[in-house]
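Subject: Structure for you to look at, with notes

Dear colleague,

I am passing on the structure we spoke about, and below it you will find my notes on what came out of it. Please read them with the structure open beside you.

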Amino acid sequence: MATIKIIIQNLSLQYSDGTESLRDINLDIPANAITVLFGPAGGGKSSLLRCLNRLNDLTEVQTISGKILLDGDNILDPKTDVIALRRRVGMVFARPVVLPMSIRQNLTYGLELAGEKRKSRMDEALERGLKLAALWEEVQDRLEDPAIALSGGQQQRLCLARVLANQPEVILMDEPTSGLDPISTGKVETALQELKKNYTIILVPHSVQQAARTADFAAFFLQGELVEAAEGKELFTHPRQKRTEDYVEGRFG
Amino acid sequence: MNKTLNRRETIISAIIKTCGYSAVLFVILIFFFLLREGLPALFEVKLGALLATRWYPIENHFGILPLITGSLIVTMGAMLVAIPFGIGTAVFLSEIAPRWMREILKPLVELLGGLPSVVLGFLGILVLSPFLRVFLDLPTGLTALAGALLLGGISIPTTVSIAEDALDSVPQGYREGALALGATRWQTIWRVTLPAACSGVLTALMLGIGRTIGETMAVMMVTGNAPVLAIKLASIFHPVRTMTATIAAEMGEVAKGSTHYHVLFLIGLVLFIISLGVNIIASSVIFKSKKRAERVLS
Amino acid sequence: MKRRFPVDRFLIQRLGVSVITLTALLTIVPIIGVFSYIIAKGAPALSWEFLTAMPNSGMRAGGILPAIVGTFYLTLGTAVFSVPLGIAAAIYLAEYAKENWLTRLIRIAIINLAGIPSVVYGLFGLGLFVLFLKFGTSILSASLTLSIMTLPVIISAAEEALRAVPQSFRTVSISLGGTRWQTIRKIVLPQALPGIITGVILGLERAAGETAPILFTGAAFFLPHLPGSILDATMALPYHLFVISTQVPGMPIQIQYGTALVLIIFVLGMNLVATVIRSRARAKRQW
């Protein structure tokens, strides 16, 4: 049915202090859909996300093995251009991290890194990102204001817009709404439904309910292991594994 | 575009890395130079002669013991001043003074730390030593005592700073716990807070000692510059000469390459090693505060 | 049972607090006294002529312009060498270095450099710059000597300022496709700059007040004119004060106090600037 954007093959990861690890993960991420990785804390979901944009390079990783194919290319290969990779695969973090600059500068930061100098291009990308993140109307008149002046929900949407301004293909989201009120959360989730038409989205939700609301495709992680994965709401209505069922039913977590 | 970015990144990283290692390079360089110019002294003057008690280079007497005792007596005297007053002030600022007072007084003490030592030496000559001469009925005010008082004063800002940080970082819970058990404020300070800040206070002491041994100008100006062996208690009322003052006073007049020249470098080497030792001990003491690095270097 | 115990305790408390307060008083009052005394005795000497004229009558009259200019040159020279090197080294420690034995060695070296007596720096400067490299007694030799002495202060302050910048900024920058140096240049360094500048000024303030390192490397007392190049020796405020208070008979007291006051103003003025920068930066911070 849908094309597969990312193929994760036999991925195993161990940190040098022995914490969170991944054990032999095999998963296909479909393009232009929202894939949800859910499960209790310590399951390896964040670690997996960080592998997808090679952000794990910043941490003390002991061993990593397996392959991650993005459009067929193994991004774990040492010869990979990680800079280009990170532009293709953007990330939104759990806490909104706005850079200590104006709203405009936050949005154009990624392009500046890439060497973009043309103001017109940057303005275009900025506007597009803000519209896709459903933030344009709220900030279009105050782009020069410091980004820190925005509310929490607005800041997080700014972070999303910032990623979008960079024109990625994949958007990774690590509990993006965990600090937000329900209205802001709703706005983000609505934006995602629009975004998935053109972007591949991989989301770590902050609750099973959010997972159920947003998933086109879901994968359940438990202590580094991929327990099961299925299309749509399958995992939440008819899980095959007992462990999945127990977690979804709230018997542990 | 990526290739040039990459190349620039590597060059810049290399430059930064080299600069990072520079500190080690300089320490080695300094040690090497001191060794180079100081070691010949060990050959030109026998070890026994170096450890003699007479320092009179004009007649080839290179006994450095009077200089060492001079440094020691001034340092110890300075510590006797700096410790009680420094820690006392720190306790006052941290535990007793109201907040607004602390905000005013703490910068004031730090201001003293910013004064160049030559200014304090200057005041020592014009104000302190005449005062001591009159007050204690001495033949001259330029004595080890003057040096000790002055150096104590110079060390106080550093001591106060570090000790106050140490006291500040004792968790409030300790104090509250003691008070809840019925202790008075004084008992809390004396028996709970102060001991808890022990390692920080010790660090303050060690760094104070390190700075005092290395002080040059102020001592040179007020201690009288007489290289006399200072081992009696009464010696504190006599002029002395420290190692640092010796180098400063005599270096300008020596011929390069002469024995005197080499011996002065040897003294410098000794000072280098002493300060190395003191600083390593001070830095390995357990107290680690965020601002400690700032204080070490102030 | 007689209950004398509580009374005793509070007596001890009163005593203890009084002793401590007395100690603090005995420390603070002299500090205020020192400043007031120098200001009182030195202010009369301060005049436009004093600050801008050359000295005459063997330094016993006239102004101290060459000493002021000399100190300014030396401070500038120190800055030129120690600031770029110090900041680069701090960037290495804060952003690049891993926590291994080599990094620990660097940190020990920095602590050591900080503890070396100033007169030993003078010896080193004499041995290396004046004699070995044949720069002679010059602004160059003195500045280089002072730079190495100031280096640990700058490195330490700069590193602390860099570390204070939240790690999350770096992570975000990297995730948007930035390299390590781009992240440093565009975010970390600008945000750390006020702290770095404060540290630099405090380091230079110390260099400006030091006498021993310049004694044999660049300072001179009796110079008929201002230094013409960096290979010339120069007069300097701290050295000038030292000589006129110890070695020149018949030196008017007022000039001595005036010189001391000028030196203090120079040094503490820098302190003030640093403090102002620090508090303004703290107010404007966007994190």
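To begin with the contact between chain C and chain A, 15 residues are taken from chain C and 17 residues from chain A. On the side of chain C that touches chain A, α7 (167–175) and α8 (180–209) of chain C each supply at least two residues, and the largest share, 6 residues, comes from α7(C). Sorted by class, that side of chain C holds 6 nonpolar and 9 polar residues, with no charged residues.

Please keep in mind throughout that this is a predicted model. The predictor assigns the complex an ipTM of 0.91 and a pTM of 0.89, and for chain C the pLDDT averages 89, with 98% of the residues scoring at least 70.

The contact between chains B and C draws on 70 residues of chain B and 72 residues of chain C. Helix α1 (residues 2–44) of chain B gives the most to the side of chain B that touches chain C, contributing 19 residues, and by class this side of chain B has 47 nonpolar, 17 polar and 6 charged residues.

Within chain B, I also looked at how two of the helices are placed against each other. In general, two packed helices are described by the angle between their axes and the distance between the axes. Here, the axes of helix α3 (residues 65–96) of chain B and helix α6 (residues 144–168) of chain B come within 6 Å and cross at roughly 35°, and the crossing of α3(B) and α6(B) is right-handed. The contact of α3(B) with α6(B) is made up, by class, of 19 nonpolar, 8 polar and 3 charged residues.

Chain A contains an open sheet of 4 strands, which has the order β2-β1-β4-β5 and antiparallel pairing. Because β2 (21–30) and β5 (73–74) of chain A stand at the edges, each with a single partner strand, one side of each is left without a neighbour in the sheet. Helix α1(A) packs on the sheet, where it touches β1, β2 and β4 of chain A, and its direction makes about 120° with that of β1(A).

As for the pairing itself, strand β1 (residues 4–15) of chain A is joined to β4(A) by 8 bridges, with the two running antiparallel. If you would like to find this pairing on screen, Ile7(A) has Leu69(A) as its bridge partner in β4(A), and Gln14(A) has Thr63(A) as its bridge partner in that strand. With β2(A), β1(A) pairs in the antiparallel sense over 7 bridges, and there Leu13(A) stands opposite Leu22(A) in β2(A).

Finally, one residue in chain A that I followed individually is Asn56(A), which is found in the loop between α1 (45–52) and β4 (61–70) of chain A. Is Asn56(A) buried, exposed or partly exposed? It has 19 C-beta neighbours inside 10 Å, and therefore Asn56(A) counts as partly exposed. Leaving aside neighbours within four places in sequence, Asn56(A) is in contact with Ser47(A), Arg50(A), Cys51(A) and Val61(A). The C-alpha atoms of Asn56(A) and Ser46(A), which lie 10 residues apart along the chain, are separated by 9.9 Å.

With best wishes

Definitions and conventions
Residues numbered from 1 in each chain as written. Chains lettered and ligands numbered in written order. Predicted model: local features only at pLDDT ≥ 70, side-chain atom pairs only at ≥ 80, totals over all residues. Buried ≥ 20, exposed ≤ 12 C-beta atoms within 10 Å, placed from the backbone. Contact = placed C-beta atoms within 7 Å. Nonpolar A, V, L, I, M, F, W, Y, C, P; charged D, E, K, R; others polar. pLDDT = per-residue confidence, 0-100. Pairing = 2+ DSSP bridges. Axes fitted to C-alpha atoms, helices over the stretch in contact; angles between N-to-C directions. Left-handed = near helix turned anticlockwise from the far one by under 90°.
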